[in-house]
Amino acid sequence: MLKKLFIIALKICVSAGLIWYVLSGIDIDEAWAKLIRLQPAMVAVAAMLMLLQLVIGGLRWGTVLRAIDHPLPFWYIVRLFYVGVYFNQVLPGAVGGDGVRIYLTYKEGLKLRGAINGVILERVAAVLALVLLVGATMPFFLLPRLGDAGRDWMVPALLISVVAVIGGIAILCRLDRLPEALRGWRIVRGLGHLANDSRTVFLLAGNSLRVLVWSVVGHVNIALCVFVLASGLNLDVGLFDCIILMPPVLLVMTVPISIGAWGVRENAMVLAFGLVGMSQQSATVLGLLLGFMTLAIALPGGLVWLASRGEERSRSITDIDGELTATPPEEI
């Protein structure tokens with residue numbers, strides 16, 4: 001318990017420190033003046049794109065579940081995905097929205113193998129698509145805009161990311177090759193099932209193509225949302241720039257060092273959009289606006305969760321977090 005509380009406190013400190021750092025470099029009054037001039041119509045369009053992101057996420061997750069032969073009804077998947085997004089914003093522990101999705105699908109009757117592997121492989125596919133997008137665009141569009149100092153750390157960082165993700169998937173696909181003596185352990189059998197499902201998703205061309213297409217569509221949709229918000233703030237940035245610059249930002253945001261990526265997102269956007277001449281102040285406002293938009297869209301997911309809980313409706317977020325930790329790894 002103390003270790004868990006320490007990790008939560010550390011993440012809060014990281015978020016607070018990074019937000020303080022990025023805000024210390026801008027004029028708060030001028031930034032607020034820019035924010036209140038935001039065009040309401042653009043906010044509405046961005047909100048619709050964020051809601052569309054829930055559908056895209058559900059399609060990606062559903063594609064993985066169908067590939068591993070654990071299908072669920074489409075709108076049921078979208079609803080659970082929405083609940084997961086909500087818990088990603090409000091649950092500070094290590095479990096997060098992905099753990100809640102595993103818990104809810106398992107409680108609704110999906111075997112634990114499908115519940116766990118479906119969420120794990122959906123997240124891996126999303127990160128893989130980000131790495132592929134960054135790797136495909138960086139040599140032609142990002143590196144020419146970087147100075148020597150930027151190239152010195154960006155190129156190694158990209159290579160490490162590519163090796164880590166590709167290598168991680170290769171390891172996932174071979175987890176059933178563990179020694180025979182260990183296969184009596186439940187966790188080892190579970191890893192073997194994960195390996196089988198990983199090969200089904202990533203090594204069969206049809207499955208991998210469908211999963212990666214929905215992953216890329218999701219990332220492009222977020223870039224489109226950022227472009228709409230930037231247009232609402234009258235910032236001079238093009239749609240193509242957003243599509244090129246947002247994948248590295250999203251990739252950095254996957255590092256679990258903060259609460260809801262607060263602080264990480266804003267600093268990453270300052271670095272990325274600075275490459276196209278956007279000021280630190282404008283990029284900070286844009287990053288904060290994206291964060292608040294994400295939060296505003298996510299919070300109604302709590303109502304979706306409460307409406308679907310039935311007789312368990314009164315249980316709290318802490319109950320969910322504790323029960324997820326205590327769920328036994330049986331029937332994997």
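A residue is classed as buried when its relative accessible area is under 20%, and as exposed when that area is over 50%. The structure described here is a predicted model. By this criterion Ser-282 is buried, because its relative accessibility is 8%. Of the 332 residues of the chain, 46% fall in the buried class.

The chain is built from 14 helices and 0 strands. Read from the N terminus, its elements therefore run α-α-α-α-α-α-α-α-α-α-α-α-α-α, where helices are DSSP runs of at least four residues. Contacts between residues at least 6 apart in sequence were also examined, and 72% of them join residues at least 24 apart. The accessible surface of the chain amounts to about 16100 Å². Carbon and sulfur atoms account for 69% of that surface.

Ser-282 is part of helix H12, which spans residues 280–298. This helix of 19 residues reaches 27 Å from its first C-alpha to its last, close to the 27 Å expected at 1.5 Å a residue. Helix H12 is mostly covered, with 15 of its 19 residues buried. Apart from neighbours within four places in sequence, Ser-282 is in contact with Lys-34 and Leu-235.

Lys-34 belongs to helix H2, which covers residues 28–36. Despite its charged side chain being a usual label for the surface class, the classification follows area alone: Lys-34 counts as buried because its relative accessibility is 17%. With residues up to four places away in sequence left out, Lys-34 touches Leu-233, Leu-235 and Ser-282. Leu-235 is thus listed among the contacts of Lys-34 and among those of Ser-282. Lys-34 and Asn-234 are separated by 200 residues in sequence, but their C-alpha atoms are 8.9 Å apart in space.

Aromatic side chains were considered next. The structure holds 4 aromatic pairs. In one of them, the rings of Tyr-86 and Phe-87 have their centres 5.0 Å apart and their planes at 70°; the pair is edge-to-face because the angle is over 60 degrees. Phe-87 is buried, at 0% relative accessibility, and Tyr-86 is also buried, with a relative accessible area of 12%. Ring pairs join Tyr-86 and Phe-87 with Trp-305 in a cluster.

Trp-262 and Phe-292 form a tilted aromatic pair, with 5.1 Å from centre to centre and 55° between the planes. This pair links distant parts of the chain, its two members being 30 residues apart. Trp-262 is located in the loop between helix H10 (239–253) and helix H11 (264–274), whereas Phe-292 is in helix H12. Trp-262 is buried, with a relative accessible area of 14%.

A nonpolar patch was found on the surface. Phe-6, Ile-7 and Leu-10 make up this patch, which has an area of about 300 Å². Phe-6 lies in helix H1, formed by residues 2–23. Its relative accessibility is 56%, so Phe-6 counts as exposed. In an α-helix there are 3.6 residues a turn, so residues three or four places apart point the same way.

Definitions and conventions: Residues are numbered from 1 along each chain as its sequence is written. This is a predicted model: local features need pLDDT of at least 70, side-chain atom pairs count only at pLDDT 80 or more; totals for chains, interfaces and linings use all residues. Side-chain values use heavy atoms; hydrogens and water are left out. Patches are made of residues with over 30% relative accessible area and no salt bridge: like charges are joined within 9 Å, nonpolar side chains (Val, Leu, Ile, Met, Phe, Trp, Tyr) within 5 Å. Accessible areas come from the Shrake-Rupley method with a 1.4 Å probe; for residues, only the protein chains shown count as cover. A salt bridge is a side-chain nitrogen of Lys or Arg within 4 Å of a carboxyl oxygen of Asp or Glu. Buried means under 20% relative accessible area, exposed over 50%, partly exposed in between (1.4 Å probe, protein chains only). Contact means heavy atoms within 4.5 Å. The expected span of a helix is 1.5 Å times one less than its number of residues. Rings of Phe, Tyr and Trp (its six-membered ring) pair if their centres lie within 6.5 Å; planes under 30 degrees apart count as stacked, over 60 as edge-to-face and the rest as tilted.
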